[in-house]
Amino acid sequence: MFDSLLIANRGEIACRIIRTAKLMGLRCISVYSDADAAARHVEMADVAYRLGPAPAGESYLKIDAVLEAARLSGAQAVHPGYGFLSENARFAEACADAGLVFVGPPVEAIRAMGSKSEAKAIMGRAGVPLVPGYHGQDQDPALLAKEAGQIGYPVLIKASSGGGGKGMRRVDRPEDFAAALEGAQREAQAAFGESRVLIEKYLTKPRHIELQVFADSQGNAVHLFERDCSIQRRHQKVIEEAPAPGMTEQRRAEMGRAAVDAAMAIDYAGAGTVEFIAEGDAFYFMEMNTRLQVEHPVTEMITGLDLVEWQLRVAAGEPLPKRQEELSIRGHAMEARVYAEDPDRDFLPAVGRIAHLLPPRESERVRIDSGIRSGDEVSVHYDPMIAKLIVWGEDRERARQELHRALDSYEVVGPTTNLAFLSRLVGHPGFAAAELDTGFIPRHEESLFPPAEEPGPAIVALACLAELLRGEALAEARAAASSDPYSPFHATNGWRLNMETRRELRFRRGGEEIAATLHYRASGYEIEVDDARLKVSGRALDETTIFAEIDGWRSQVRAVWQGAQLTLLLPGRQFSFQLVEPLADLDAGDEVSGSMTAPMPGKVIQVKAAVGQKAARGAALMVLEAMKMEHTISAPGDGRIVAVHYGEGDLVDEGAVLLEFEVEEVSDDAA
Ligand code: ADP
């Protein structure tokens, strides 16, 4: 066995590989781009090397830079992870030329499976069943149209070198074929530098079932059962599980044999996945991925094996650790891909700093693979995955319940995530009944994408409580730092010298403003929202946790502040509020004058202030759009604008100085 390993990847997969490599006593070498200099995969490694600037094309995809890092670090082996260079035959070859062990299949196998057309030709010859279709060399549009007609509509046009659902077009009618072909070719050319396509019969209610295979360099091959990845959005996996619901022993054996035959047909070695599309009793070869898959943990959970360990052993020339008859399935596993994305905006990727992150506790049943920590940035440069949440249960229903619970307790504040969507998906009766096919999400669109829940009076009251408790904490901190900690001027609980016991709080949500009136009573607060009057009391348990009692309802609630934005987290629900007049609670004085900074990275969408202009306390000076919400930067007191540093349309980093403001009339809140 080699004793050092360079991981040519980032994020959760790099961390996951390092975990096993360390257990096996290997020295781990990470590589990173400028955006990842302080990333978790860098921290976990024994040593890390810089590849280049943030864009993948200038860092993680640069073969020369990766090889140079291997040379400098004295690495003996390279694990490519998934994505990036993992299925790049040139990279595998370059590693071999540099005398490095490539933890992956032989170069020829990567090459053979690199083209979907090529792969189908090889699999067809090996007797593996194929979706009826055309995967020939001749790309004459007239011929392709004729083939499509023979296959029978609907058909699917696929980029030969495709991946990630790109360059794929479903065509329902012959008259749409020519335009769809052009679109697919254009997309393929742009994404893969090659426009070749193939045509398949479009299956209307298929399942995606894939077989995990493993082979060694001594000619042994096994399969590690199947995964069902039918829950997809736009041809991309959302939830994966193993084993596939409804799979019979006989069918598993048949599909397993086809998968092992596929691996044997290309003299495979290492981990691979043979993807099938299945409808009714039929299953057809779709493609083979010559690497470790994102969803490999579900296979690990049901087999009790470590697939990265197998990969490393096989790469070192050892035989497969187990024979087929020594492998068995225990229980059921599911994986959900937790993404920074907005399901309500067609799954648009979201970016930004993770202000608060609290995953469910890991156990025998719950596993989290992640490369992100609280405070990290989800950037535009890479896949916006936050984590993979993997659960295990004795049977499918136990696993499903476990996943549902884990999703509901997963706390992420910062960029929009798909957590609530995943929770609805896993809680859907159709999913519980395992009515799986690739059309599940579009079919249940109405229940999976309900209108956003508006906060009721109790939630608004919670927001008020959070603000009150924050004010108290601020006052305490200020009092502790002041020369007269017992001065009544530090109090913020409503007991002001002028006996003012009423306070108005205003929040903004989307375009709406919510107002609440707080009355201070000896027993706590009474909060008026709309027509409701609620009795509210509570205390801060730590920086982000409050204990709240609202009209007899008692609960612990997470309340996370980012500047003037408050996010309340309740099991499976999340509400964000923008406190209006965010700086109104600050003491007057030099804290108020000065620079005003961006609470989070975003875009300036409106500038309402000009240099020299006077503004009254609370007047809107600038509007930022960040994390899909608008944030108003308002005047902290009555005063004058000294400088405006950004214009409309500018992108700003968190902490960027937006404006400078001079308070002219000192307004002392406490007097
Ligand atoms: P990619 O490599 O771009 O991910 P795949 O060939 O793996 O493309 O297919 C991705 C997904 O597209 C499949 O999981 C399935 O949902 C859908 N798909 C692929 N082929 C067909 C087909 N012939 N009929 C219906 N759906 C298909």
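**Helix α3 and some unusual backbone geometry**

In this predicted model, the buried residues of α3 are covered by elements that include the strands β1 (4-7), β2 (27-33) and β3 (47-52), together with the helix α4 (89-97). Helix α3 itself spans residues 63-73, and its buried residues are Ile 63, Ala 65, Val 66, Leu 67, Ala 69, Ala 70 and Ser 73. An α-helix has 3.6 residues a turn, so residues three or four places apart point the same way. Just after α3 comes Gly 74, whose phi is positive, at about 70°.

The backbone has further features to follow along the chain. Most residues other than glycine have a negative phi, and most peptide bonds are trans. Against that background, the peptide bond from Tyr 153 to Pro 154 is cis, with omega near -5°, and Pro 154 sits in the loop that links α7 (141-151) with β7 (155-159). A cis peptide bond also joins Ala 242 to Pro 243, again with omega near -5°, and here the proline, Pro 243, belongs to the loop between β12 (236-242) and α9 (249-265).

Positive phi values likewise occur at residues that are not glycine. His 235, in the loop between β11 (221-233) and β12, has a positive phi of about 60°, and this histidine is partly exposed, with a relative accessible area of 39%. Farther along the sequence, Asp 551 adopts a positive phi of about 50° although it is not a glycine; Asp 551 lies in the loop between β28 (545-550) and β29 (553-562), and at 47% relative accessibility it too counts as partly exposed.

Notes
Residues numbered from 1 in each chain as written. Predicted model: local features only at pLDDT ≥ 70, side-chain atom pairs only at ≥ 80, totals over all residues. Heavy atoms only, no water. Buried < 20%, exposed > 50% of the residue type's maximum accessible area, 1.4 Å probe, protein only. Helix = DSSP H or I, 4+ residues; strand = E, 2+ residues; numbered from the N terminus. Contact = heavy atoms within 4.5 Å.
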